[in-house]
Amino acid sequence: MVFYIIGLGLGDEKDISVKGLEIVKKCDEVYLEHYTSILGVQKEKLEELYGRQIIMADREMCEEGIDTILENLSKTPQKNVAFLVVGDPFCATTHSDVQLRAIQLGIKVEIVHNASIINAIGCTGMQVYRFGETISIPFFTEKWRPYSFYEKIKKNREMGLHTLCLLDIKVKERTDENILKGKKIYEPPRFMSCKTAVEQLLEAEQQIAGKAFSKETKCVGVARVGFSDQLIRSGQMVDFLNIEMGPPLHSFVICADELHPIEEDMYKFYNKDSSKKDE
Ligand SMILES: C[S@@+](CC[C@H](N)C(=O)[O-])C[C@H]1O[C@@H](n2cnc3c(N)ncnc32)[C@H](O)[C@@H]1O
């Protein structure tokens, strides 16, 4: 009886490690956590390669249904279950709670790591050890416009560090009204783009006026890292209002004022005049 938490990396079905693949192939049940991140392929592609049926685990299943899955596993000594996580199981969203719940039930837990957006962001040319605290930018609503990320960016920049901004994902969400009425009607999925992130960042700067950054601050936007059509673009923050980064997922880097000479070269390499059409 083992509960395996396996990172799938970023990209497609082939980014699973050989170790992860061997484990998945021998598991009796395979769940894919799919509310904190997405892969570049449909689950059928994974099923084809893994030779296993995949059960999609949304937020409800991960937060509430997981206890039932684990309790059943704890009563079935010959059974093995795999819990697949896009990226690394402990990066950005930690699945430590799931690990702890399994351990408390006396289940052996094994982890298989993989690449995460947290380290793959080095693809921008900004050095991973020159990043400060990672921030998350949530979708603003009419009533809810939290600027809590602002002070963190400010602190990072005061220390001469870059900031990785993870952008909001809304998969299988319900409106407050539907929650109140107990209706299981879900909104279409939404993924924040670099453009929306910049609109919200500039709004926060205008409201707080703490000079954490400006329209001219150097930034790098990434889209679909690890996918076959990955895109990396650099420019001043304001440029991203006009740079089309394409389908999700997007992440955004707010650079430190001073760049290392190689970072500077990489910044220039990814910098294209956004008024010109992409080659
Ligand atoms: C909660 S984090 C996912 C963490 C995941 N476990 C990992 O290790 O990468 C989700 C956010 O990371 C960013 N992200 C994840 N995968 C990405 C990718 N392939 N390209 C660009 N951004 C990505 C997006 O901003 C997304 O909203």
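Here are a few worked exercises on the structure shown above.

The model is predicted, so local features need pLDDT of at least 70 and side-chain atom pairs count only at pLDDT 80 or more, while totals for chains, interfaces and linings use all residues. Residue numbers start from 1 along each chain as its sequence is written.

**Exercise 1. Work out where the ligand lies relative to the two domains.**

Step 1: Start with the split. The protein is divided into domain 1 (2–115) and domain 2 (118–269), with bounds that come from an automatic or database domain assignment. Their C-alpha centres lie 27 Å apart.

Step 2: Check how the domains touch. Domain 1 puts 15 residues in contact with 13 residues of domain 2, where contact means C-beta atoms, placed from the backbone, within 7 Å. On the domain 1 side, the touching residues are six nonpolar, six polar and three charged. For these classes, Ala, Val, Leu, Ile, Met, Phe, Trp, Tyr, Cys and Pro count as nonpolar, Asp, Glu, Lys and Arg as charged, and the others, Gly among them, as polar.

Step 3: Look at the shell. The ligand is surrounded by 23 residues, the closest being Gly87, Cys91, Ala92, Ser116 and Val225; a residue is near if its C-beta atom, placed from the backbone, lies within 6 Å of the molecule. Helix H5 (117–120), strand S7 (163–167) and strand S12 (250–254) each give two or more residues to this shell. Helices (H or I, at least four residues) and strands (E, at least two) are DSSP runs, numbered from the N terminus. Sorted by class, the shell has 13 nonpolar, eight polar and two charged residues.

Step 4: Conclude. Both domains give residues to the shell, so the ligand lies between them.

**Exercise 2. Find the edges of the parallel sheet, then place Val85.**

Step 1: Write down the order. Five strands form an open sheet, S3-S2-S4-S1-S5, with parallel pairing; two strands pair if DSSP finds at least two bridges between them.

Step 2: Pick out the ends. Strand S3 (54–57) and strand S5 (108–112) each have a single partner strand, so one side of each has no neighbour in the sheet.

Step 3: Zoom in on one edge. S2 (residues 29–33) pairs with S3 over four bridges, and Leu32 has Met56 as its bridge partner in S3.

Step 4: Now Val85, which is found in strand S4 (residues 80–85). Val85 counts as buried because it has 29 C-beta neighbours inside 10 Å; the cut-offs are 20 or more other C-beta atoms within 10 Å for buried, 12 or fewer for exposed, and partly exposed in between, with C-beta atoms placed from the backbone. Beyond neighbours within four places in sequence, the contacts of Val85 are Ile5, Gly7, Leu8, Glu33 and His95.

**Exercise 3. Do the same for the mixed sheet and Ile137.**

Step 1: This open sheet of five strands runs S6-S7-S12-S10-S11, with mixed pairing. Its edge strands are S6 and S11 (231–236), each pairing on one side only.

Step 2: Check a pair. S10 (residues 218–223) and S11 run antiparallel, joined by six bridges, and Lys218 stands opposite Gln236.

Step 3: Ile137 sits in strand S6 (residues 135–137). With 22 other C-beta atoms within 10 Å, Ile137 is buried. Leaving aside neighbours within four places in sequence, its contacts include Phe149, Cys165 and Met192.

Conventions: Contact = placed C-beta atoms within 7 Å.
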